[in-house]
Amino acid sequence: MALTLIRNAAVVAAMDDAGSEIAGGAVALRDGVVLAVGTTAELTPLAGHADEIVEAAGCVVTPGLINTHHHLYQTLTRALPGATEASLFGWLKRLYPVWARYTPDDVFAATQLGLAELALSGCSLSSDHLYLFPNGVTLDDTIHAAAGIGVRFHATRGSMSVGESAGGLPPDSLVEREDAILADCIRVIDRFHDAADGAMVRVGVAPCSPFSVSRELMRDAALLARDKGVMLHTHLAEDADDVAFSLERFGCRPGQYAEELGWTGPDVWHAHCVQLDHGEIDLFARSKTGVAHCPGSNCRLGSGVAPVRAMVDAGVPVGLGVDGSASNDTANLLGEARQALLLQRVTHGATAFAAREALRLATRGGAAVLGRPDLGQLKPGLRADVAVWDMADIASTGAWDLVAGLVLAPPVGVRDLFVEGRAVVRRGDLVQSPRASILAAARRSLDRLIATG
Ligand SMILES: [Zn+2]
């Protein structure tokens, strides 16, 4: 029955339907849920019962940020020579041989490192897309790593089944048999998936992309996910090459391919969707198919500007994703919110996308895309995932509108982060796992990968 009271915040930005912003705000957390949101004066009667009081003067308090697309294993292949200036297909071909040398320890170390980076920048829920399983790697390695950091985790069991010899992109050594893929999906869903409100771990089914698995696997994955009641995730329409591949190989655009194989609906979310046309945006809006918008990655790989303004206006659920650290190199959701805003403005003008709207993508948008109505806003009864941002520090001091400043003049990191009411970050440092051991494990793996490269 631990009660935590966060009080005297400069502003609590609740991200609720009314867009409430409470000056001098406070939030009370109890038993993993938000107990109350209001002014500090309104919540003062709770102070006497609180096990902990967090003073938040000069801070903005928001829901924890939600990351809808990542490949955490890639955290050990940032800024890799030969991949820093490549576009998607060339970039993948440079990286596949390095990833093929990963062991379970490497995936664990990379996942820990990436989730620590996300937690320190205010992310309370991350999805992950692991689609290669060399040398005994399993999805379990990532789920165990997430438990050590303390953030919520939506692990998706990715896959590749069409190797180079069959006209696909990945080397044959990294592809799996389709029956083995489906059997392992069932294993990890049965072992780890928690469908309940407040779940810390969920599992999804996620063939890597239409260009690395067969039509049959896409269809069977959708059938399996629906049978098990879990979500579906993949990459779609990431760049012009991706669309050209779809037209040549399947004779249709990516959106049509997705629809034919059962890959539309509120239980599906697609990463990127940079090249969706009007018809596909309409399809996604009608079917409530989600999109993980990854602006940093899209810029890094020169993939283009996703039609986010049009998607949001049409009613497509849109969240933000940092994407894998090999195609973004950094993982910071406020940075992605800022980049999302900048890309829409450079395309459509200065009024095209507001800072608050970008912040909403990073919170409510992500919750909608990942099927988490229990998250994404500070509201009594919903889960207690809360970020406390110190706006009186160097990077943000000078901001007059602190909520807009969170996106336009973001702090270097989060000050405090609570997930399910438990502290994950306090005063800018990790609480549940020592920073030094995360770094040491990452260094060991990195040194081995470099030495064998
Ligand atoms: Zn990706």
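In this predicted model, the sulfur of C299 is 11 Å from the closest cysteine sulfur, which belongs to C294, and this is too far for a bond. C299 is partly exposed, with a relative accessible area of 36%. The sulfur of C273 also has C294 as the closest cysteine, at 9.3 Å, again too far for a bond. C273 is buried, at a relative accessible area of 0%. A disulfide is a covalent bond between the sulfur atoms of two cysteines. The cut-off for such a pair is 2.5 Å between sulfur atoms, and the structure holds zero disulfides.

**Overall fold**

The protein chain contains 15 helices and 17 strands. Its radius of gyration is 21 Å, close to the 22 Å that the globule rule gives for 453 residues, so the chain is as compact as a globular protein of that length. Along the principal axes, the C-alpha trace of the protein chain spans about 70 × 45 × 40 Å. Of the 453 residues, 61% count as buried. Among contacts in the protein chain with a separation of 6 or more, 74% are between residues 24 or more positions apart.

**Nonpolar cores**

The largest nonpolar core has 121 residues, and the members that touch the most other members are W91, L92, W99, W263 and M311. Not counting residues up to four places away in sequence, L92 touches W99, Y131, L169 and F211. Another core, of 18 residues, lies apart from the largest one and has A9, L378, A384 and V388 among its members.

**Zinc site**

The zinc ion has protein donors from H69 (NE2), H71 (NE2), H235 (NE2) and D323 (OD), at 2.1 to 2.5 Å from the ion. Along the chain, these donors follow the spacing H-x1-H-x163-H-x87-D. H71 lies in the loop between β6 (65-67) and α2 (88-99), whereas H235 is in strand β10 (residues 232-236), so the pair ties together parts that are 164 residues apart in sequence. H71 is buried, at 3% relative accessibility, and H235 is buried with a relative accessible area of 9%.

The angles among the four donor atoms run from 86 to 176°, and the site is irregular. A tetrahedral assignment would require all angles to lie between 85 and 135 degrees, so the upper value of 176° rules that assignment out.

**Individual residues in loops and helices**

Three residues from separate parts of the chain are set out below.

| Residue | Place | Relative accessibility |
|---|---|---|
| T40 | helix α1 (residues 40-47) | 13%, buried |
| T264 | loop between α8 (254-260) and β11 (268-272) | 17%, buried |
| R383 | loop between α13 (355-369) and β14 (386-390) | 15%, buried |

The contacts listed next leave aside neighbours within four places in sequence. T40 touches R7, N8, G24, G25 and A26. T264 is in contact with R226, A258, E259, L283, F284, S287 and T289. The contacts of R383 are D31, G32, V33, V34, R152, D197, G198, D374, L375 and E420.

Two C-alpha distances relate sequence separation to separation in space. R383 and L29 are 354 residues apart in sequence, with their C-alpha atoms 8.7 Å apart. T264 and A387 are 123 residues apart along the chain, and their C-alpha atoms are separated by 32 Å.

**Backbone geometry**

A79 is not a glycine, yet it has a positive phi of about 45°. A79 lies in the loop between β6 and α2, the loop that also holds the zinc donor H71. N135, likewise not a glycine, has a positive phi of about 55°. N135 is found in the loop between β7 (123-130) and α4 (139-149).

Methods
Residues numbered from 1 in each chain as written. Predicted model: local features only at pLDDT ≥ 70, side-chain atom pairs only at ≥ 80, totals over all residues. Heavy atoms only, no water. Donors = N, O, S within 2.8 Å, 3.2 Å for Na, K, Ca; no water. Tetrahedral: all angles 85-135°; square planar, octahedral: opposite > 155°, others 65-115°. Helix = DSSP H or I, 4+ residues; strand = E, 2+ residues; numbered from the N terminus. Buried < 20%, exposed > 50% of the residue type's maximum accessible area, 1.4 Å probe, protein only. Core = buried A, V, L, I, M, F, W, Y, C linked by side-chain atoms within 4.5 Å. Contact = heavy atoms within 4.5 Å. Rg over C-alpha atoms; globule rule 2.2 N^0.38 Å.
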